[in-house]
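Please open the structure in your viewer and keep the selection panel at hand. The stops below can be followed in order, from charged pairs to the interior and then to the cysteines.

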Amino acid sequence: MANSSFPITSVRQLFPALNSGDNFIFFDNGAGAQIPQSVLDAVCHHLVSRNVQRGGRYRHSQEVDASIQQARQSVATLLNAHEPSEVAFGMNATSFIRLVSLAIADILGARKEIIVSDLDHEANIATWLALQGKGVEIRWWKMREDGTLHVEDLEPLLSSRTRLVACAVASNALGSIVNVKEVARMAHAEGAEVFLDAVHYAPHGVIDVQDWDCDYLVCSGYKIFAPHMGFLWGKRELLEALPTFREDFIPDEIPGKIEVGTFVYENVAGMNAAVGYLEELGRSLLADSHSASPRDRLVTAMEAIRVYEATLSAEALRAMGELDDVTVYGIRKASQLEHRVPTICFNLNGVPAARVAAVCAENGIGVRDGNMYSPRLLRRMGIPAETGAVRASLVHYNTVEEIGKFVDVLRRVNRN
Ligand SMILES: Cc1ncc(COP(=O)(O)O)c(C=O)c1O
């Protein structure tokens, strides 16, 4: 699809925060994206009409059950899961990584090695490192100078001792995409499992757990145009085998065994609406949308987002390349754009990242500075984790015009 066909104007109209009149530029989407009106409506509707506990015999409670079931189906379609019960809802990605990692440590068996990468968010590193006291041995899959993980470097780390490979689908700091399908193929060839952190990748492209053939995958709803919540997907037989904490009377069955306690039902309703928003975007792009399945519509939307976002990456890298004394980390070549999402990590040489972010804030632009929860990656890139870098993380509602204003502000940052 041609870039000109991406309906950026109508997309932006759906997001109240983008139309509040202040023209604020949201370039901190890696820390959380804005929500469309339909998501806000779904959350409000839930709170107004069914703010009760699930599992009761009265109408409101049964509507909560139905709403959760609907959201499970939507998220299963978004991920191309085999079945909705493989999806569990909860607070956030980190707590799910912790839950799975603790359970795996309890059923390690003879395979004691877990492979982690230094490209990942610390949530998908520290959780696995914390198992070292439980007999786990860590092996490091190291990012190369180019800011990407190469599967050739994973090969020698895998063996009959490997229990699991934990890695990101895309780096939250640099935006580099990992060839996770190949990771799964290689890991499975050695009898190991794969745990994917899709938190940063999820708003940017198609997720297909069946095609990737991964074993577990975690996401945060608040990065995919939903409120604060997270979800975990896992292959049925693997989730069933996980020993999880639950009260004695809770059956050892998915998804209930993963979801003990109460989670934020209104935000799950919001997650369902966020998938609905993406599906509607896909429907609007399809010539023959009636015969298209919900999954087809979602794939169409995410593919169109990917194409549009590549133009944002290209423009951001081009315009920033014209600045004096800027270091942009990670993939920069136009020919390599398919291997990254529009997450641009950089420093203006000689200017503290905090000052750059503060100047952006004064000019109505939200960016992030610091270590992006990836201090190892920053050190690997030669950036002191204490001062860090600046990250502009764009999504499909951002525009080339916003990039222009952003680069103008960067140009005016006082270097003295
Ligand atoms: C790649 C990645 N993994 C994990 C996390 C942690 O997610 P959560 O806040 O849902 O625990 C983040 C948050 O920014 C992230 O970007």
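Begin with the charged side chains of this predicted model, in which the count of salt bridges comes to 28. Three of these pairs, and one network, make up the opening part of the tour.

Select Arg-50 and Glu-63, whose side chains meet in a salt bridge with an N to O distance of 3.3 Å. Arg-50 sits in the loop between α2 (37–49) and α3 (59–79), while Glu-63 belongs to helix α3, 13 residues apart from its partner. Arg-50 is buried, with a relative accessible area of 14%, whereas Glu-63, at 24%, is partly exposed.

Stay with helix α3 and select Arg-72, then add Glu-259, which lies in the loop between α9 (236–241) and α10 (265–285), 187 residues apart from Arg-72. The side chains of Glu-259 and Arg-72 form a salt bridge at 2.7 Å, N to O, and both residues are buried.

For the third pair, select Asp-118 and Arg-380, which meet in a salt bridge at 3.9 Å, N to O. Asp-118 is found in the loop between β3 (113–117) and α5 (123–129), and Arg-380 in helix α13 (residues 375–380), so that the pair links parts of the chain 262 residues apart. Here Asp-118 is buried at 5% relative accessible area, while Arg-380 counts as partly exposed at 29%. Next, select Asp-28, Arg-368 and Arg-391 together, since salt bridges that share partners join these residues into one network.

Now turn to the nonpolar interior. Which residues have the most contacts inside the largest nonpolar core? They are Leu-217 and Phe-406, in a core of 118 residues. Helix α11 (residues 294–321) supplies the largest share of this core, 11 residues. Colour domain 1 (3–36 + 294–412) and domain 2 (41–275) separately: both give residues to the core, so it lies between them.

With Leu-217 selected, show its contacts beyond the neighbours within four places in sequence, among them Leu-79, Ile-207, Trp-212, Phe-231 and Trp-233. A second, separate core has 30 residues, including Ile-97, Trp-128, Ile-138 and Ile-254.

Finish with the cysteines, where a search of the whole structure finds 0 disulfides. Select Cys-219 and Cys-214: the closest cysteine sulfur to that of Cys-219 is the one in Cys-214, 10 Å away, which is too far for a bond. Cys-219 is buried, at 1% relative accessibility, whereas Cys-44 is partly exposed, with a relative accessible area of 40%.

Terms used: Residues are numbered from 1 along each chain as its sequence is written. This is a predicted model: local features need pLDDT of at least 70, side-chain atom pairs count only at pLDDT 80 or more; totals for chains, interfaces and linings use all residues. Side-chain values use heavy atoms; hydrogens and water are left out. A disulfide is a pair of cysteine sulfur atoms within 2.5 Å. Buried means under 20% relative accessible area, exposed over 50%, partly exposed in between (1.4 Å probe, protein chains only). A nonpolar core is a set of buried Ala, Val, Leu, Ile, Met, Phe, Trp, Tyr and Cys residues joined through side-chain atoms within 4.5 Å. Helices (H or I, at least four residues) and strands (E, at least two) are DSSP runs, numbered from the N terminus. Domain bounds come from an automatic or database domain assignment. Contact means heavy atoms within 4.5 Å. A salt bridge is a side-chain nitrogen of Lys or Arg within 4 Å of a carboxyl oxygen of Asp or Glu.
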